[in-house]
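Open your viewer and get ready to click through a few selections with me. We will go from charged pairs to the nonpolar interior.

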Amino acid sequence: MKILFPVVFLSAFFAAGCVPLNQREISDLKGEVAELQIQLKDLQKRHADLFVKADSSYVTLDVLSASIKDLQNKVSMLAQNIQDIEVSSKKKRDGAKSETMIPSDIYQIAYSDYSMGKYGLAYEGFKSFVDKYPNSELAPQAQYFMGECFYSQSMWAQAVAEYKKVEQNYPRSDLTASARLKIALSYDLLGKRNEAISIFSSIVEDYPQSSEALTAKEKIRIYNNAQRK
């Protein structure tokens, strides 16, 4: 069985020099963000529904989850670009000097370092971004990837500390379930199974339709089977 999901490409919005500056076009971009958010929610729901109906052996959960997170990241990037435009326009109106690098540029550099496996550099870049722009559209993503930098290096305890900050500082972010799942997986790798099971259970209860809940259910099932042996 092959399940295909729609992927929305936003490259046209990120091309250098193509960002509109007038308020009408900014308003149109905000409408695009809202529409993409609706598509994202629909993709997440169908993901969960299809997983339940299908034989799990034919579903590559990691690939589907990656598609969802990629779309989340693109939505946030577009929203951040809008925020950058508005701030830049205000500074021009006020006669203030614009920064040489805008927030989305700083984030993109850190993300590029992460994609190339330069986790130390990426962590410093994401940390600098969060410290400087804690209320930006991309701040939750930057905080999440700070955890990913440690997780990718098998530094589970440090990863937990960073993942926890996602829900603590950005409780309404779409990444809270993902961060909580990574906390549970990190505890599992640290041998703290009671803590891991507790968090897996909380994911199933708080985010029942999410892909993270599917992973959590599977981990709980594995734990239960192991205890019966």
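Is D188 buried or exposed? Select D188 and turn on a surface display. D188 is buried, its relative accessible area being 17%. Keep in mind as you look around that this is a predicted model.

**Stop 1: the partner of D188**

Now add K219 to your selection. K219 and D188 form a salt bridge, with the closest N and O atoms 3.2 Å apart. This pair joins distant parts of the chain: K219 sits in helix α10 (residues 211-228) and D188 in helix α8, 31 residues apart.

**Stop 2: R180 and D206**

Stay with helix α8 and select R180, then D206. These two side chains form a salt bridge as well, and their closest N and O atoms are 2.7 Å apart. Here again distant parts of the chain are linked, since D206 belongs to helix α9 (residues 193-206) while R180 lies in helix α8 (residues 176-189), with their positions 26 residues apart in the numbering. The two ends of the bridge have their own surroundings: R180 is buried at 11% relative accessible area, whereas D206 is partly exposed at 42%.

Next, add E167 to the selection. E167, R180 and D206 are linked in a network of salt bridges.

**Stop 3: a pair within one helix**

Move to helix α7 (residues 156-169) and pick E162 and K165. Their side chains meet in a salt bridge, 3.7 Å from N to O. How many residues apart are E162 and K165 in helix α7? They are 3 residues apart, so about one helical turn separates them. E162 counts as buried, with 6% relative accessibility, and K165 is partly exposed, with a relative accessible area of 32%.

In total, the model has 8 salt bridges, so feel free to look for others once the tour is done.

**Stop 4: the nonpolar core**

Hide the charged side chains and select Y107, F126, F129, Y163 and F200. The largest nonpolar core has 40 residues, and these five touch the most other members. To see where the core comes from, color the helices that give two or more residues to it: α4 (103-115), α5 (119-132), α6 (139-151), α7, α8, α9 and α10. Which of these elements gives the most to the core? Zoom in on α6, which gives the most, with 8 residues.

Technical notes. Residues numbered from 1 in each chain as written. Predicted model: local features only at pLDDT ≥ 70, side-chain atom pairs only at ≥ 80, totals over all residues. Heavy atoms only, no water. Salt bridge = Lys/Arg side-chain N within 4 Å of Asp/Glu carboxyl O. Helix = DSSP H or I, 4+ residues; strand = E, 2+ residues; numbered from the N terminus. Buried < 20%, exposed > 50% of the residue type's maximum accessible area, 1.4 Å probe, protein only. Core = buried A, V, L, I, M, F, W, Y, C linked by side-chain atoms within 4.5 Å.
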